[in-house]
Amino acid sequence: MTDSPATPAPHKVTLYRNGSVYTAADPFATAMLVDGDTVAWVGSEQAATSIADASMEVIDLHGALLAPGFVDSHVHLTETGIALDSLQLGSVRSARELLDAVAGFAASAASEGGAVLGHGWDETRWTDPALPSREELERAAGGRNVYLSRVDVHSALVSTSLAAAAGLDGIDGSGAGSQVKSAAHTAARLATRHLPAAALRSYQQRALAEAAANGYVAVAEMAAPHIGSIDDLRLTAAWNTGPDAVPEILPYWGELATSADHARSILDGLGVPVLGLAGDLNMDGSIGSRTAAVRADYSDAPGERGSLYLSVAEAAAHVAACSLLGIQAGFHVIGDAGLDAALDALDQAAAEVGEQKVRAAGHRLEHVELADAESIRRLAAYSVTVSAQPGFDAAWGGEDGLYQQRLGSRRVGMNPFASFYAAGVPISFGSDSPVTPLRPWASVRACLQHNNPAEQISARAAFLGHTRAGWRAARYRNPMAGQLVPGAPASFAVWEVDELMVQVADGRVQSWSTDPRARTPLLPALDTGSEPACLQTVRDGRELFASGHLRG
């Protein structure tokens with residue numbers, strides 16, 4: 001479990017009033033009292049008037065929404081910071097535009113003479129999907145190393161010099177072209193991540209500031225040996241015990257264990273507490289890079305079915321080991337064949353150590369984009385939490401999107417959120433940042449507007465999946481986390497919104513009502529065309545972010 005902050009918040013009492021408080025304690029609440037790190041009271045404006053005194057700070061919300069803070073169930077902090085500060089490639093539409101962007105960045109002061117790092121290209125949106133060669137990237141960068149991660153961060157484009165420096169020739173996933181996958185991608189990425197501790201910390205700080213400014217009070221860091229070093233993990237976990245007011249880190253380490261003793265030795269060797277050996281321990285890859293393991297050929301690449309990075313036996317040994325220790329195991333799983341392997345591993349582990357131990361450990365799977373009814377039933381049987389990313393469907397799930405290109409009609413059954421809920425599969429939501437941005441309300445909206453109407457879920461379910469469910473997925477020590485009731489942690493965000501409404505149950509459309517008889521806490525209307533603006537983010541009574549408008 002993570003530790004409490006080394007520097008506690010100075011004790012103070014703050015009264016928020018004249019707004020709307022999202023709380024199960026009172027659907028009509030307009031005010032909330034925070035005493036130190038705890039919610040002390042929620043209630044009406046009339047009661048707030050009698051409570052207010054000169055000893056407390058009183059913040060007039062001016063109609064703003066005060067709601068539990070968001071929890072992102074899957075992020076990569078260092079990678080997010082690098083992506084935010086590096087060459088942005090999401091808008092390029094051809095190899096020529098990409099090369100021009102590399103040349104411009106290499107010539108700018110922002111590149112500081114080191115490797116040219118970039119993120120976000122997606123050739124499925126280009127007019128011509130042909131990729132530039134290593135030599136072209138080398139020339140554009142003036143001979144410097146180039147590493148440009150694809151939007152899914154499961155492959156990258158590399159220059160000739162980086163390929164040589166990382167020793168990519170002959171490694172699995174490295175061909176004659178500039179795109180590298182699998183082991184070659186891991187080697188290329190790690191070669192560009194040998195950075196001083198101060199640089200790594202700066203990137204993490206950049207990512208945490210971005211999270212706080214968007215209403216996140218906690219993020220689950222999915223560290224793994226193929227993504228970054230143990231030193232990177234230690235720096236990440238150190239934010240929980242440092243003096244800075246930042247979102248809480250819920251750290252995981254995705255390293256394969258072969259036995260309970262081996263798992264214990266991995267944990268002891270980390271030097272920092274983690275919540276489990278889970279997260280991006282890859283069972284397979286991604287759909288965009290055609291490395292996700294699928295049962296049938298990719299529609300746009302006959303003969304290709306992706307890759308299984310772990311065998312069923314390896315995964316089963318890992319689950320059994322973690323189950324015996326009572327800690328979370330988990331895997332990155334996207335394709336249906338990858339999910340088959342993960343489920344078979346659960347079966348084998350249960351046969352070895354007992355179903356009860358497997359269920360009790362609270363294992364988790366990341367992504368799980370392709371899951372049929374039988375697979376969902378098996379997930380529910382083992383009480384496995386699915387940590388999903390609604391932004392994936394929003395970005396790639398449409399009729400003309402990436403999933404249609406790669407998988408054809410199979411895309412209709414992807415990211416089955418409603419089916420998970422109906423079967424009783426615990427589900428939490430995140431961004432996989434930097435794959436999709438840290439924009440929680442856009443992610444909530446993606447659940448409501450799923451490209452398959454049968455898999456759309458309600459605004460309340462989506463909001464809970466982005467808040468309280470994130471704490472539960474991490475088996476957080478405080479069962480009251482993620483709600484605003486007396487005695488709960490004072491972890492919340494304040495939002496300036498256009499309208500507050502209750503979603504009406506209507507299977508045909510996303511409709512909204514201001515009818516108070518619903519006795520349901522109000523949420524922002526997400527069909528207005530604008531996102532709620534974060535005015536303040538608070539974790540355990542400590543202010544992480546505040547806009548100039550909050551106390552103005």
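Two strands are taken to pair if DSSP finds at least two bridges between them, and in this predicted model one such bridge joins Met222 to its partner Tyr252 in β14.

**View 1. The open three-stranded sheet β7-β13-β14.** The three strands follow the order β7-β13-β14 in an open sheet, and their pairing is parallel. Because β7 (70-75) and β14 (248-253) stand at the edges, each with a single partner strand, one side of each is left without a neighbour in the sheet. On average, and with direction ignored, neighbouring strands of this sheet are turned by 15 degrees against each other.

**View 2. The pairing of β13 with β14.** Strand β13, which covers residues 216-223, pairs with β14 in the parallel sense over six bridges. Along this pairing Val219 stands opposite Ile249 in β14, while Tyr252 of β14 is the bridge partner of Met222. Between the two strands the chain passes through helix α8 (residues 230-238), and the resulting β-α-β crossover from β13 to β14 is right-handed.

**View 3. The two faces of strand β14.** In a regular strand the side chains alternate between the two faces of the sheet. In β14, Glu248, Leu250 and Tyr252 lie on one side and Ile249, Pro251 and Trp253 on the other, and both faces are covered, with these residues all buried. Strand β14 is accordingly described as mostly covered, with six of its six residues buried, although β14 is also a strand at the edge of the sheet, with a single partner.

**View 4. The packing of helices α10 and α11.** Two packed helices are described by the angle between their axes and the distance between the axes. Helix α10 (residues 312-325) and helix α11 (residues 336-353) pack at an angle of about 50 degrees, and their axes are 8 Å apart. The helices α10 and α11 are therefore oblique to each other, and their crossing is right-handed. The contact involves residues of α10 including Val312, Ala316, Val319, Ala320 and Leu324, and residues of α11 including Ala341, Ala345, Leu346, Ala349 and Val353. Also part of the contact are, among others, Ser323 of α10 and Asp344, Gln348 and Glu352 of α11.

**View 5. Ala395 in helix α14.** Ala395 is found in helix α14, which spans residues 390-396. With a relative accessibility of 31%, Ala395 counts as partly exposed, a class that lies between buried, under 20%, and exposed, over 50%. Ala395 and Ala176 are 219 residues apart in sequence, and from C-alpha to C-alpha they are 30 Å apart in space.

Key. Residues numbered from 1 in each chain as written. Predicted model: local features only at pLDDT ≥ 70, side-chain atom pairs only at ≥ 80, totals over all residues. Heavy atoms only, no water. Helix = DSSP H or I, 4+ residues; strand = E, 2+ residues; numbered from the N terminus. Axes fitted to C-alpha atoms, helices over the stretch in contact; angles between N-to-C directions. Buried < 20%, exposed > 50% of the residue type's maximum accessible area, 1.4 Å probe, protein only. Right-handed = clockwise from strand over helix to strand, strands pointing away. Parallel < 35°, antiparallel > 145°, perpendicular 65-115°, else oblique. Left-handed = near helix turned anticlockwise from the far one by under 90°. Contact = heavy atoms within 4.5 Å.
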